[in-house]
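Let's take a walk through this complex together, from overall fold to strand pairing to the contact between chains. Keep the viewer open as you read.

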Amino acid sequence: MPNAFWCIVEDDRNGSPKKVMAEVIAEAARLAPGRVEAVWLTDKASEAGLKQLGKWGASRVLLLENAAFAPYRSEVWTAAAADLAAKESPAAIFAPVTSRQREFAARLAARLGVGLSADSVRFAMEGDKLVATRPVYAGKLLSKVTWAKSPWVATLRPNVFRPADAQPGKTASVERPTVSAAGAQMKFVERREEVSTGLPELTEAETVISGGRGMKGPENYVILEELGRVIGAAVGASRAAVDAGWRPHRFQIGQTGRTISPKLYLGFGVSGAIQHLAGMRTSKVIVAVNKDPEAPIFKIADFGIVADLFEVVPELTKEFKKLLEK
Amino acid sequence: MKILVTIKQVPDTATQVKIAADGKTIDTTGITWIVSPYDEFAVEEALRIKEKRGQGEVVAVSLGPDRVKEALRSSLAMGCDRAIHLNDAVWSTADTLATAKALAAVVKQEAPQLVLCGRQAIDDDMGAVTAQLAEILGWPCAYWIMEEAIDADGKAIRAARQVEGGLEVFDLPLPAVLAAQKGLNEPRYPTLKGIMGAKKKEIKDVKAADLGIASEPSQLSVVGLEALPPRPAGRVIQGDVPTAVKELVRALREDAKAI
């Protein structure tokens, strides 16, 4: 039997896998039907969470449950996963792009002495080799890469791959292998929560609203947040707005900020500098509202309105409210 | 305290990139090169640590062809004390792992207490070298650092890393490797004095053989570069604002099925 495709579980720190795992598992299943295994390093996994991985299509869950695995530390996770990989010899190791998985996948690849394709947006089996496609040079080009040997380690950009539909009848066998949970040099001190906006997280949201220099000041983002609450969207900002100090850096979309790939992107007063496009160009539907008809964002927008955002946003909020109340 | 900073020279974001005749690399004619922005945060933080402690040395290291000297020179102009240039044809197709191995060999020779890297280079956006360097060295590592503080006796560093939903703070024993995130600091511009002074500072050329590294095949190789698939032509919705907005909402709902 050919070897498995591992999917490293990203969870919500409360025992449930994040919904991005439906995308990772589905893509692994497309490439390796019937050979998808979820590998979950956590301090606590819920029964419902374990079942969910099965419903999405994992045939087996390798649960590595230990207090030492939370909060995540690359040195501890790497030792444990490498230990297990030596026993299991997976063909591929997939993980979603999140802050920790980006680090972990890289460190694990180094431990295993294999290549890494980070932030992949497409995969194909060519013969018995996996080929990944990933954006490079601010998303201006796509690079196709392949590995000298397996396991093929890759991280997958969220919202790009079609998620699996949960199949209530499907279940995964759950195994709890013994692995090393040693190697900790770092000591956890504290976690500082961000002040919650009550809106979805930028990289996970299906709809993202972005405000650029045209917002004129920090006080005006409330109108975007109101629209965000109506349509369930995250609210981000361009670098110009972040560098002006209007929004904290964690809201920045673009090359030196977050990369997003939502179903719907709505840019208000965003000019569309290359470094912004780098972070949102793989969005499925792009809407641009800008007073300047020459703004570069109109070149990649599916729908544009050339008008003052301060007139458009309240009108849009009103119209969406009407629509969604129906 | 000795601090080593890794930097990468990358095409300026605004520069146009074209695929070269080999189909695997970019045509470098006419490209404006810069130090990758995240690496500037790393350089700045290293300089601040040195200034705060009132002593120490900051060494900039970069891997790449001759043109990379320019990037090292600008790090020296910002205030780094000296530079090491990993300049060998062996590394012309180096993947992240080969790069990390070369850097790890330099770290072993230089024995710094801290290595600062940028979160990722903005050309290939792999974001892997920092973690791989830490792995090869067996050092602790923290990614996407927003703040740091070294304890008085220089034995440990407290670092806050950015994660989804907040910051996680850890104590790492030194030596350690950190990846700088935007927001860590505001990099300085080199002063005229800094630029003049940089010309006299040492940039040491290092070959693979100097590090005892033999050529080995890349674990990840580029099969080819492709242009982006073109996006379908967009549509500018005309009319006064209420009319245009109504049409936009309709189109998003019915045509694009995005809401």
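Chain A is built from nine helices and 16 strands. This is a predicted model, so everything below describes computed coordinates.

**Chain A as a whole**

The C-alpha trace of chain A spans about 60 × 45 × 40 Å along its principal axes. A compact globule of 326 residues would have a radius of gyration near 20 Å, and the 21 Å of chain A agrees with that. Buried residues make up 56% of the 326 in chain A. If you count contacts in chain A with a separation of 6 or more, 66% of them join residues 24 or more positions apart.

**Domains in both chains**

Each chain has a domain 1 and a domain 2, listed here with their bounds and the separation of their C-alpha centres.

| Chain | Domain 1 | Domain 2 | Distance between centres |
|---|---|---|---|
| Chain A | residues 5-175 | residues 207-325 | 31 Å |
| Chain B | residues 2-211 | residues 229-259 | 44 Å |

In chain A, seven residues of domain 1 are in contact with 10 residues of domain 2. The domain 1 side of that contact consists of four nonpolar, two polar and one charged residues.

**The parallel sheet of chain A**

Now turn to the seven-strand open sheet of chain A, where the order is β5-β9-β4-β1-β2-β3-β10 and the pairing is parallel. The edges are taken by β5 (116-120) and β10 (173-175) of chain A; each has a single partner strand, so one side of each lacks a neighbour in the sheet. On average, neighbouring strands here are turned by 20° against each other, direction ignored.

Which residues of β4(A) point one way, and which the other? A92(A), F94(A) and P96(A) point one way, while I93(A) and A95(A) point the other way, and all are buried. Put as a count, five of the five residues of β4(A) are buried, and the strand is mostly covered. As general background, side chains in a regular strand alternate between the two faces of the sheet.

Strand β4 (residues 92-96) of chain A pairs in the parallel sense with β1 (residues 5-8) of chain A over three bridges. Within that pairing, W6(A) stands opposite I93(A), and C7(A) stands opposite F94(A). β4(A) also runs parallel to β9 (residues 152-156) of chain A, joined to that strand by five bridges. Here P96(A) has L156(A) in β9(A) as its bridge partner.

Elsewhere on this sheet, helix α3 (residues 74-88) of chain A lies across β2 (36-42) and β3 (60-65) of chain A, and the helix runs at about 145° to β2(A).

**Where the chains meet**

How many residues does each chain give to the contact? Chain A contributes 73 residues and chain B contributes 72 residues. On the chain A side, the largest share comes from helix α4 (residues 99-112) of chain A, with nine residues. By class, that side of chain A has 35 nonpolar, 16 polar and 22 charged residues.

Strands from the two chains also pair with each other. Strand β11 (residues 187-193) of chain A and strand β11 (residues 166-173) of chain B pair in the antiparallel sense over six bridges. One bridge to look up is that of R192(A), whose partner in β11(B) is L167(B).

A further open sheet draws on both chains: its four strands follow the order β6(A)-β7(A)-β8(A)-β14(B), with antiparallel pairing. At its edges stand β6 (122-126) of chain A and β14 (220-227) of chain B, each with a single partner strand, so one side of each is left without a neighbour in the sheet. The average turn between neighbouring strands of this sheet is 25°, direction ignored. Five bridges link β6(A) to β7 (residues 129-136) of chain A in the antiparallel sense, and M125(A) stands opposite L130(A) in β7(A).

**A buried helix in chain B**

Finish at helix α4 (residues 129-137) of chain B. Seven of the nine residues of this helix are buried, so α4(B) is largely enclosed by the rest of the structure. The buried residues are V129(B), T130(B), A131(B), Q132(B), L133(B), A134(B) and E135(B). After α4(B) comes G138(B), which has a positive phi near 75°.

Key
Residues are numbered from 1 along each chain as its sequence is written. Chains are lettered from A and ligands numbered from 1 in the order in which they are written. This is a predicted model: local features need pLDDT of at least 70, side-chain atom pairs count only at pLDDT 80 or more; totals for chains, interfaces and linings use all residues. A residue is buried if 20 or more other C-beta atoms lie within 10 Å of its own, exposed if 12 or fewer, and partly exposed in between; C-beta atoms are placed from the backbone. The radius of gyration is taken over C-alpha atoms; the globule rule is 2.2 Å times the number of residues to the power 0.38. Two residues are in contact if their C-beta atoms, placed from the backbone, lie within 7 Å. Domain bounds come from an automatic or database domain assignment. Ala, Val, Leu, Ile, Met, Phe, Trp, Tyr, Cys and Pro count as nonpolar, Asp, Glu, Lys and Arg as charged, and the others, Gly among them, as polar. Two strands pair if DSSP finds at least two bridges between them. Axes are lines fitted to C-alpha atoms, for helices over the stretch in contact, and angles run from 0 to 180 degrees between N-to-C directions.
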